[in-house]
There are 2 protein chains.
Amino acid sequence: MPVVSFFECSRCHQHVQPDKYHTVCPACAGVLYVRYDMDEVKRTASRPNGVDAPQSMWRYADVLPKVDPVTLGEGWTPLLQSRRYPIFIKEEAMNPTGSFKARGMSMAVSMARFYGVKKLTAPSAGNAAGALAAYCAAAGIEANIFMPKDVPFANYLEGVVYGSNVTLVDGIISDCARIVNERKDKEGWFDITTLKEPFRVEGKKTMGYEVVEQLGWSYPDAIFYPTGGGVGLIGMWKAFDEMEKLGWVSGKRPKMIAVQASGCAPMSRAWKEGADVSQFYDNATTFASGLRVPKPYGDYIILDILRKSEGTCVDLSEEEILASLLDWSRNEGILLCPEGAVATAAYDKLIADGFLKSTDSVVIFNTGAGLKYTDMIADVMKVSRPK
Amino acid sequence: MPVVSFFECSRCHQHVQPDKYHTVCPACAGVLYVRYDMDEVKRTASRPNGVDAPQSMWRYADVLPKVDPVTLGEGWTPLLQSRRYPIFIKEEAMNPTGSFKARGMSMAVSMARFYGVKKLTAPSAGNAAGALAAYCAAAGIEANIFMPKDVPFANYLEGVVYGSNVTLVDGIISDCARIVNERKDKEGWFDITTLKEPFRVEGKKTMGYEVVEQLGWSYPDAIFYPTGGGVGLIGMWKAFDEMEKLGWVSGKRPKMIAVQASGCAPMSRAWKEGADVSQFYDNATTFASGLRVPKPYGDYIILDILRKSEGTCVDLSEEEILASLLDWSRNEGILLCPEGAVATAAYDKLIADGFLKSTDSVVIFNTGAGLKYTDMIADVMKVSRPK
């Protein structure tokens, strides 16, 4: 495991010393990236091979910060082949706490413990809360979590069961973030909000390493990513940078395709307008609750990646999302989370309009377990338990 | 993959030709086991190694029936090390449909397709239904499922979402079984009820192979198994037989410890009485809903395994189960399913009473995702969504 050389601001490129757990760039409040001495990494690291590597995201320890990991078995999730299309589903449901959020939280909570942080806080659209709560329980760190009051019930319950301090807020994640900002200094909470600290990206970047390794150290033609805060998309692009520097992969990078629900589509709107940043999306509403992020903090990074990768951003209606969720459960035996079904619906749309060819090799992220959304899915399907 | 040589009755040892999908022994209605030419398997098979083997239960294809698998990525689940005890949690939550039932159903539905079966039926305490529904969706087979009306809502919803025919029954699994028996012949349904066909055991036996492989091809001192129908316990013991014949493992087999909820404890009662079979357990009730099996069909096999392994059977109260569930979530960051928490509670009890030593190496099966039981857990914790 390499030591962290410095944090680099993604906007103004200032370097920040890793002497303590930093949040954002002290100069411009940009997102900080973790940087290593990549020449040294290249000399000492090698692509993991199946014999010895852990069956978790820690198989990439050579490109993760040197730390004693707080691990619950996160990562190294299966890449499931569709029965009908040249699509692989990256099945992030098979993570601890049933979502991709486990990767970022495993990494960030490990570093919090390393830096001696005792109390953490974050707002969450749902799944980040569950993951934060679980890793804090494992690490013996206090978690102070703020979630919309209408999150899936599973998200609320996991916060409670893991012993976190959970507050449900009458609003969405941006309202939760306001409360975190008001309280964190006086409470002595360290803020690990999405992209407001550098290590959740490091955990999420392992999704990029895994996809490439699982495809035999090669890129697919396109990656579909349900984009709320967009950390995974940002992390994967960082992974591709690193892997190319290390000589682990080469060739044309995948088109990165950010997908959103039409009820909360700030990135899609910004993309259509050709803007460099997004605008706050009013009245965000969708049963793909993880996508209710009205103004992603890393919007400028996401839009840059979509352009560089020759990707795109699309948004889908509630009806399209539900139809795709049922299509995949009934024809493939895979119960996607609503956010994952946004991505499968987007695939259908981009094949129909010619943006992708039906022969393109595609990886679609199912970011969490459909089972965590029983109440939301039952509601949109109008299913209730018969009396 | 070896072809099936014959089915062998576990009770009267009669051989049955594998010309079609059989249910139970035609002579004595005993549980049928799948048998291979083990000399041939020994000549051609080898222990899977990490480089080439699939990251699923199909890494053991050399000891599974020759078939085109209906797979959703089941098996090869993590063995998580406790932070406090010499315990490994075998984390079966990280299976498709969030439970260990995926293994048996992947195998059985694969064989159903192989034999040309078009319609399947089973009663279920919950998780078997979800798995059956998913694999049938993937295989294009009709599933006809009967569940107690008070199953966790997630179990009901997955049946519906995967497109199965789901009937909720005012009763428990034994009432569901009665309806299956009444209807199956006239409807043309093949019955894949627990232990009433030979292939779910073949899928579940991979849990035994995995535990041994993940412990470096050695046995732990004890295995705790939440026992409703007990297929996994039976399957693991069969796996140990096979592995020893193949020379893949040696040494003293683990004590097999069947755990039950006091609200439905037919095996525990039979064990205390020194009986060879169990008696129907009246008024079965527990929030560990998967354990509401009042008369396991394979009771005689389970009791035999407990004796041969020098194991035991214990039952735990609802209060003990909930306390252990909260202990593990708050101190380890692992949200066990209620059935898994029966096993961790049993560990505490067997350490306290001296049956096990605190240095014994132990594997505890968490048979499914705690997240599938949000309604049941919230109910016993008296937690509801704040208004």
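Chain B has 51 residues in contact with 51 residues of chain A; contact means heavy atoms within 4.5 Å. This is a predicted model, in which local features need pLDDT of at least 70 and side-chain atom pairs count only at pLDDT 80 or more, while totals for chains, interfaces and linings use all residues. Residues are numbered from 1 along each chain as its sequence is written, chains are lettered from A in the order in which they are written, and side-chain values use heavy atoms, without hydrogens and water.

**The interface**

About 4,000 Å² is buried between chain B and chain A, and carbon and sulfur atoms give 66% of that area. Buried area is the accessible area (1.4 Å probe) that two parts lose on being put together, summed over both. B:Val161, B:Leu371 and B:Arg385 supply 17% of what chain B buries against chain A, more than any other three residues.

B:Arg385 also forms a salt bridge with A:Asp375, with the closest N and O atoms 3.2 Å apart. Two salt bridges are found across the interface. The rule asks for a side-chain nitrogen of Lys or Arg within 4 Å of a carboxyl oxygen of Asp or Glu.

Helices here are DSSP runs (H or I, at least four residues), numbered from the N terminus. On the side of chain B that touches chain A, α4(B) gives the most, with seven residues. By class, that side has 29 nonpolar, 13 polar and nine charged residues. Ala, Val, Leu, Ile, Met, Phe, Trp, Tyr, Cys and Pro count as nonpolar, Asp, Glu, Lys and Arg as charged, and the others, Gly among them, as polar.

**Symmetry**

A turn of 180° and a shift of 0.0 Å along the axis lay chain B on chain A with an RMSD of 0.0 Å. The two copies are thus related as by a two-fold rotation axis. Superposition is by least squares on the C-alpha atoms of residues with pLDDT of at least 70 in both. The copies meet through the same surface, because 100% of the interface residues of chain B are also interface residues in chain A.

**Two residues of chain A**

Buried means under 20% relative accessible area, exposed over 50%, and partly exposed in between (1.4 Å probe, protein chains only).

| Residue | Place | Relative accessible area | State |
|---|---|---|---|
| A:Asn283 | loop between α9 (266–273) and α10 (299–308) | 70% | exposed |
| A:Val212 | helix α7 (residues 206–214) | 0% | buried |

A:Val212 touches A:Trp217, A:Ser218, A:Tyr219, A:Phe240, A:Met243 and A:Val249, not counting residues up to four places away in sequence.

Notes
Helices (H or I, at least four residues) and strands (E, at least two) are DSSP runs, numbered from the N terminus.
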